[in-house]
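Visitor: Please show me the model, and let us discuss its side-chain contacts and its strands.

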Amino acid sequence: MLHTAMMVYFVWIACFILSVSGRPDMIEEEILDEILYNYNKLARPATTEHPTVKVEHGVNLIKIEECDGKTLKAMTWLPIAWTDPRLKWSLDFYDLDALTLPSDLLWTPDIVLYNSPSSHAGNAYNPRVYIFNSGSLSWYPPTTITTNCERSEIDDSIIFCLMRFGSWSYHGKALDIVLSSDFVDTEDYIEHPEWEYVNSTAYRAVQKYACCPEAYPYVMYNITLRRRDNSQSYNEETNLPHSINGVIESGETKYNDNSDTAVLDKDSNTYQTNNTISGKETDTGKTDSGGK
């Protein structure tokens with residue numbers, strides 16, 4: 001009886017060893033087990049040493065889907081980058097410097113388009129996030145954006161389409177949004193038969209509201225388009241306003257009567273705005289439902 005029991009035991013041990021040794025090494029799984037252990041995606045990746053999460057934001061214009069001169073609907077990629085120190089791993093132990101994960105497993109910045117006339121921007125799908133061993137993350141969500149445009153007072157074939165992005169929840173001490181570039185990327189842009197892409201500008205601004213002591217940073221992009229069938233003479237050097245609503249033009253700050261009051265810090269390409277805007281409580285205590 002004892003001999004039979006010992007034989008069964010050794011057979012079981014042998015099978016266990018064979019099953020374990022027969023499994024291939026899976027480096028990515030080991031990294032994920034390490035970096036996601038006790039990971040809480042509800043918590044910002046902020047530390048006592050770096051309490052503000054810095055988020056780089058950009059716009060890649062891919063295609064104009066619809067434009068009637070007043071509203072622009074366009075297909076874009078919105079590259080976003082930040083650092084999460086919880087997602088680091090050492091190359092001394094793992095021979096893999098990058099991997100990808102579904103975004104719903106991670107903390108991601110809640111960056112939205114404030115001035116869209118629609119309720120929200122539409123994502124074609126939710127792509128995976130690139131994670132590097134240093135803890136830096138890159139995300140490229142394809143997004144169909146809809147925004148309002150304003151016609152040039154100089155040439156009615158020219159329109160300016162503005163996109164204002166920022167965090168919906170966090171003030172500037174919790175999340176600081178910055179530009180990855182001072183223009184819209186058009187490397188993959190597909191030409192439109194009616195509207196010609198002319199140029200673009202971008203700037204970062206800081207908004208203060210009557211309701212709250214903290215400042216709320218945002219980034220603004222201005223895309224200039226020209227209708228192709230216009231026969232009027234046009235000079236980009238002298239006649240085209242390069243900006244609208246606070247973007248630099250000819251060394252001065254321009255803005256409309258209804259826009260935010262912009263103060264330009266020329267060294268940092270940063271604006272500070274003092275007006276209240278819709279979506280936050282104003283001095284009169286009223287709140288506009290039009291968004292930030």
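Visitor: How many aromatic pairs does a search of the whole structure find?

Guide: This is a predicted model, in which local features need pLDDT of at least 70 and side-chain atom pairs count only at pLDDT 80 or more, while totals for chains, interfaces and linings use all residues. Residues are numbered from 1 along each chain as its sequence is written, and side-chain values use heavy atoms, with hydrogens and water left out. Rings of Phe, Tyr and Trp (its six-membered ring) pair if their centres lie within 6.5 Å; planes under 30 degrees apart count as stacked, over 60 as edge-to-face and the rest as tilted. Searched in this way, the whole structure yields eight aromatic pairs.

Visitor: What is the geometry of the pair phenylalanine 165 and tyrosine 221?

Guide: Helices (H or I, at least four residues) and strands (E, at least two) are DSSP runs, numbered from the N terminus. Phenylalanine 165 belongs to strand E11 (residues 158-167) and tyrosine 221 to strand E14, so the pair ties together parts that are 56 residues apart in sequence. Both phenylalanine 165 and tyrosine 221 are buried, where buried means under 20% relative accessible area, exposed over 50% and partly exposed in between (1.4 Å probe, protein chains only). The ring centres are 6.0 Å apart and the planes stand at 75 degrees, so the pair is edge-to-face.

Visitor: Which class does the pair of tyrosine 209 and tyrosine 216 belong to?

Guide: Tyrosine 209 and tyrosine 216 are both buried. Because their ring centres are 5.3 Å apart and their planes lie at 70 degrees, the pair is edge-to-face.

Visitor: Over the face of which residue does arginine 164 lie?

Guide: A charge sits over a ring if NZ of Lys or CZ of Arg is within 6 Å of the ring centre and within 35 degrees of the ring normal. Arginine 164, at 3.5 Å from the ring centre, lies over the face of tyrosine 218.

Visitor: How far apart in sequence are aspartate 176 and arginine 204?

Guide: A salt bridge is a side-chain nitrogen of Lys or Arg within 4 Å of a carboxyl oxygen of Asp or Glu, and the structure holds five. One of them joins aspartate 176 to arginine 204 at 2.6 Å, N to O. Aspartate 176 lies in strand E12 (residues 175-179) and arginine 204 in strand E13 (residues 195-209), so the pair ties together parts separated in sequence by 28 residues.

Visitor: In the salt bridge of glutamate 194 with arginine 227, what is the relative accessibility of arginine 227?

Guide: The closest N and O atoms of glutamate 194 and arginine 227 are 2.3 Å apart. The pair links distant parts of the chain, with glutamate 194 in the loop between E12 and E13 and arginine 227 in strand E14 (residues 212-227), 33 residues apart. Glutamate 194 is partly exposed, at 31%. Arginine 227 also counts as partly exposed, with a relative accessibility of 22%.

Visitor: Which strands stand at the edges of the open sheet?

Guide: Two strands pair if DSSP finds at least two bridges between them. Six strands, with mixed pairing, form the open sheet in the order E5-E8-E9-E4-E1-E12. Each edge strand has a single partner strand, so one side of each is left without a neighbour in the sheet; these strands are E5 (98-102) and E12.

Visitor: Which residue in E12 is the bridge partner of histidine 57?

Guide: Strand E1 (residues 53-57) runs parallel to E12, and five bridges join the two. The partner of histidine 57 in E12 is leucine 179.
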